[in-house]
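Let's take a walk through this structure together. Please have the sequence and the 3D view at hand as we go.

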Amino acid sequence: MSYIPHTPAPVIVAHRGASAIAPENTMAAFRAADAAGADLYELDVHLTKDGEIVVLHDSSLARTTNVEELYPDRKPWRVSDFTLAEIGSLDAGRWFNEKYTGEPVPTLFDVMTAMKNGPGLALEVKRSSASPDMASRLSALLPSAPRGTIVQSFDSAFIKLLHVPTDTGVLGPTPAKALPSLARYADYASVPRRVVSASYVKQAHGAGLKVITYNVENIRQLLRALDAGVDGVMTKRPKVLRRYMDIVLNRDLQLEYALSLMSARTAR
């Protein structure tokens, strides 16, 4: 690897916000992503029982809220079985750290309002919410989204049918041979880092697609992504990735310093 990027610096996408240091998909995590210098913050959305869009990764509320304590008889605690008012009563921060006790499950509208002057938005529609109702609600809400917003999903059929005034993307290990087909209805291929290579990115760019790679958490992984020429890296540690990227891209610093950091990190 050359370790020298041959394309403009990729954007840093904060995965569920700065989720290494704050509870994922909460306002605390999104504010931390902003403070860390992320270019975009990523979040996940689901529809409630009464058709509102809330920000949560799982289809169940169990892992990241106290729903089992408040509603012990409503297993498996699916988001789609609870109203917005019921979800609004939950604590989405204490599971991560007691100092975040009281952090709520936000709505997409609340996040967009609070973060209107912050980073751009990368919005993932979960498969369980990839419905006509979700499509219509996003179409109504996204005209006020920040510039550079991306709507993406592992459900390519949903992205094909989605009509929103933003870029769109498909998540997952899209094979290189499928990139021209993907480019007919999407703007981004968001792929795991094991898929990424200079050849893959070149083929994607040739088809008119941009490439974001996800789960980039250390300098070795960042250097591989830079060498491949990706357009974006998704990480739960945006502050760390920003520092590493500044080191690599700053021509006044010795590249050997970045490599020494890499060696120190991987030796731990």
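We will begin with the whole chain and then turn to one helix.

What you see is a predicted model. Its protein chain holds 11 helices and nine strands. The radius of gyration is 19 Å, close to the 18 Å that the globule rule gives for 268 residues, so the chain is as compact as a globular protein of that length. If you align the view with the principal axes, the C-alpha atoms of the protein chain fill a box of roughly 55 × 45 × 30 Å.

How is the chain put together inside? Buried residues make up 51% of the 268 in the protein chain. Take the contacts between residues at least 6 apart in sequence: 57% of them join residues at least 24 apart.

On the outside, the accessible surface of the protein chain comes to about 12500 Å². Carbon and sulfur atoms account for 50% of that area. The protein chain also carries 31 positive and 28 negative charges, and the mean positions of these two sets are 7 Å apart.

Now please zoom in on helix H1, residues 27-35. Which of its residues are buried? They are Met 27, Ala 28, Ala 29, Phe 30, Ala 32 and Ala 33. These buried residues pack against three strands, namely S1 (11-14), S2 (40-47) and S3 (53-55), and against two helices, H4 (108-114) and H10 (238-249). Following H1 you come to Gly 37, where phi is positive, near 90 degrees.

Technical notes:
Residues numbered from 1 in each chain as written. Predicted model: local features only at pLDDT ≥ 70, side-chain atom pairs only at ≥ 80, totals over all residues. Heavy atoms only, no water. Helix = DSSP H or I, 4+ residues; strand = E, 2+ residues; numbered from the N terminus. Rg over C-alpha atoms; globule rule 2.2 N^0.38 Å. Buried < 20%, exposed > 50% of the residue type's maximum accessible area, 1.4 Å probe, protein only. Contact = heavy atoms within 4.5 Å. Areas by Shrake-Rupley, 256 points an atom, 1.4 Å probe, with all protein chains shown as cover. Lys, Arg positive; Asp, Glu negative; His and termini not counted. Charge placed at Lys NZ, Arg CZ, Asp CG, Glu CD.
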